[in-house]
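Please open the structure in a viewer and keep the sequence alongside. The tour below proceeds by selection, with a short account of what is found at each stop.

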Amino acid sequence: MRKTKIIKLSALLLSFMLILSACAAESSTAPEGAGEGSGGEKTKITFWTPFSGGDGEFMTAMIEKFNAESTDIKVEQLSNRSEDYYTKLQTALASDQGPDVAVLHSSRMPQYVPSGYMTELDGLASEAGVNWDDFNPTILESTIYDGKHYSIPLDTHAIVMYYNKKYLEEAGVLKDGKPVYEPSPEGFTKFLTAIKDAVPADVAPLAQPNVRIDSYWMFWGFYNQLTDGGKFYDANGKAELNNPQALQALEYVNSLYSSKLIPPNINDAVKMFQDQKAAVLITGVWSTGSFENIDGLDFGVVPMPQIYDQPATWGDSHTLALPKHSKEDPAKQKAALVFANWLAQNGEMWAKAGHIPSVTKVLDSEAFKAMDYRSDYAESADFVKYWPRHEKQGQVNDNVVKEFEKMMMGQQDPATTLQKADEVINKTTGK
């Protein structure tokens with residue numbers, strides 16, 4: 001009897017072991033991408049962002065949606081203050097503590113790619129399902145070095161023109177909800193003058209700060225609209241900003257300040273527009289999301305005014321790059337690219353923050369077209385002009401802005417400003 005029990009128990013144990021073996025075999029042959037990591041865990045990747053403002057909420061929502069949908073990847077976000085972001089990223093990269101994927105502005109890529117901090121993506125992209133033909137060519141070009149892709153572009157954020165419909169209608173320069181002006185320097189000045197004559201004295205025809213980088217962005221847009229405009233460095237890397245086209249554009253920008261079409265001593269131009277104390281504002285697309293949440297603000301938005309030979313505007317792009325590590329994990333690299341590509345392909349969610357998506361099919365989607373305002377300036381992506389590629393361009397811009405501020409305060413004329421700009425550019429770059 002006891003022998004019979006032992007035999008039955010042995011048979012039961014054998015059956016149980018066979019079941020476990022079958023389960024293990026089934027798990028090992030699960031379809032690629034459908035299963036999870038070893039031990040049933042998802043591949044975890046870290047994602048660093050600088051979105052500490054309103055657009056941070058939209059990015060967080062996108063990450064939550066991805067994590068809910070993905071069966072094999074878990075994204076952990078570290079959201080940094082925008083002003084501290086690149087200092088922290090530089091420190092992390094230098095100590096081999098960088099994230100698996102990081103937001104990298106196109107304008108910052110010259111600082112990181114030539115130094116070997118970012119991973120070249122062409123060998124990894126196809127395996128992760130990335131198709132470079134999906135992206136707007138102008139935006140994609142800003143992520144390519146020596147013919148190789150170093151990041152996935154998420155958007156472009158260009159400067160555009162916001163306007164208060166009530167004030168433009170009172171001035172007789174609004175038709176079918178759009179501003180009306182002759183596309184020339186004289187025509188745009190006449191447009192702003194008509195507004196100035198019609199609005200209350202405490203309303204700015206055009207709101208722009210007389211400090212910081214805003215007027216420099218506006219200058220860069222107008223400068224690139226001119227035939228042969230946009231030169232910054234010569235073939236030897238020396239400053240070339242002091243030239244006739246740049247002077248023409250800067251004299252026009254200065255005329256807006258000196259004529260008080262841009263009133264003096266403006267600090268927060270965005271708040272002025274929100275408070276309906278400005279008829280026109282030239283700033284970035286990132287303000288769209290906040291403006292549409294202001295009760296009673298009846299506004300419109302169009303691309304940067306074209307007053308010269310061709311459309312152009314200043315812009316930058318958020319891109320998604322893979323920092324290098326001393327020991328790379330292929331599973332994490334693939335997961336990082338799958339996630340980065342998902343963000344770009346779902347750009348209609350990111351467009352809610354005001355940014356222009358990088359994937360062309362997103363612009364054609366019903367979800368994007370259904371959004372107010374965005375389609376009115378989406379074409380800016382085709383003529384956005386980025387800063388020149390130079391590892392010290394950020395420092396260069398900071399120093400040039402100081403010269404622009406002197407001009408806006410009436411301390412020097414445009415010709416002197418460009419002369420001094422070339423001097424500080426060469427000093428900063430060591431030329």
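The stops that follow concern a predicted model, and they pass from the largest pocket to aromatic rings, strands and a loop.

**The largest pocket**

Begin by selecting Ser82, His105, Trp217, Trp286 and Trp314, the residues that lie nearest the centre of the largest pocket. The lining as a whole comprises 50 residues, and the space in this pocket is about 1,500 Å³. By class, the lining has 16 nonpolar, 22 polar and twelve charged residues.

Next, colour the elements that each supply at least two residues of this lining, among them α2 (55-69), α3 (85-94), α9 (214-225) and β13 (313-316). Which element gives the most to the lining of the largest pocket? It is α18, with six residues; this helix spans 393-408.

**Aromatic rings**

Now display the aromatic side chains; the whole structure holds 32 aromatic pairs. Select tyrosine 162 and phenylalanine 291: the ring centres are 4.9 Å apart and the planes stand at 90 degrees, so this pair is edge-to-face. Tyrosine 162 belongs to strand β7 (residues 155-164) and phenylalanine 291 to helix α12 (residues 288-291), so the pair ties together parts that are 129 residues apart in sequence. Both tyrosine 162 and phenylalanine 291 are buried.

For a pair with another geometry, select phenylalanine 232 and tyrosine 233, which form a tilted pair with 4.9 Å from centre to centre and 50 degrees between the planes. Are these two rings buried or exposed? Phenylalanine 232 is buried, with a relative accessible area of 2%, and tyrosine 233, at 16%, also counts as buried.

Extend the selection to the cluster linked by ring pairs, which includes Phe232 and Tyr233 together with Tyr216, Trp217, Phe219, Trp220, Tyr223, Trp286, Trp314, Trp387 and Phe404. Trp217, Trp286 and Trp314 have already been visited among the residues nearest the centre of the largest pocket.

Two arginines may be shown next. The charged end of arginine 108 sits over the ring of tyrosine 86, 4.3 Å from its centre. Arginine 389 places its charged end over the ring of tyrosine 145, at 3.9 Å from the ring centre.

**Strands**

Return to β7 and add β12: the two strands pair in the antiparallel sense over five bridges. One point to inspect is asparagine 164, whose bridge partner in β12 is phenylalanine 299. Strand β12 (residues 299-303) has five of its five residues buried, so it is largely enclosed by the rest of the structure.

Then select the open sheet of five strands, which runs in the order β2-β1-β3-β14-β6 with mixed pairing. Which strands stand at the edges? They are β2 (73-79) and β6 (152-153), each with a single partner strand, so one side of each is left without a neighbour in the sheet. Within this sheet, strand β1 (residues 43-49) and strand β3 (residues 101-105) run parallel and are joined by two bridges. Tryptophan 48 has alanine 102 as its bridge partner in β3.

**A loop residue**

Finally, select asparagine 346, found in the loop between α13 (330-345) and α14 (347-350). Asparagine 346 is buried, with a relative accessible area of 16%. Add phenylalanine 66 to the selection: its C-alpha atom is separated by 9.8 Å from that of asparagine 346, although the two residues are 280 residues apart along the chain.

Conventions:
Residues numbered from 1 in each chain as written. Predicted model: local features only at pLDDT ≥ 70, side-chain atom pairs only at ≥ 80, totals over all residues. Heavy atoms only, no water. Phe/Tyr/Trp six-rings, centres within 6.5 Å; stacked < 30°, edge-to-face > 60°. Helix = DSSP H or I, 4+ residues; strand = E, 2+ residues; numbered from the N terminus. Buried < 20%, exposed > 50% of the residue type's maximum accessible area, 1.4 Å probe, protein only. Lys NZ or Arg CZ within 6 Å of the ring centre and 35° of its normal. Pairing = 2+ DSSP bridges. 1 Å grid on protein atoms, 1.4 Å probe; cavity = no way out; pocket = protein on both sides within 12 Å on 5 of 7 lines; lining within 4 Å. Points joined across faces, edges and corners; volume = space filled by probe spheres on them. Nonpolar A, V, L, I, M, F, W, Y, C, P; charged D, E, K, R; others polar.
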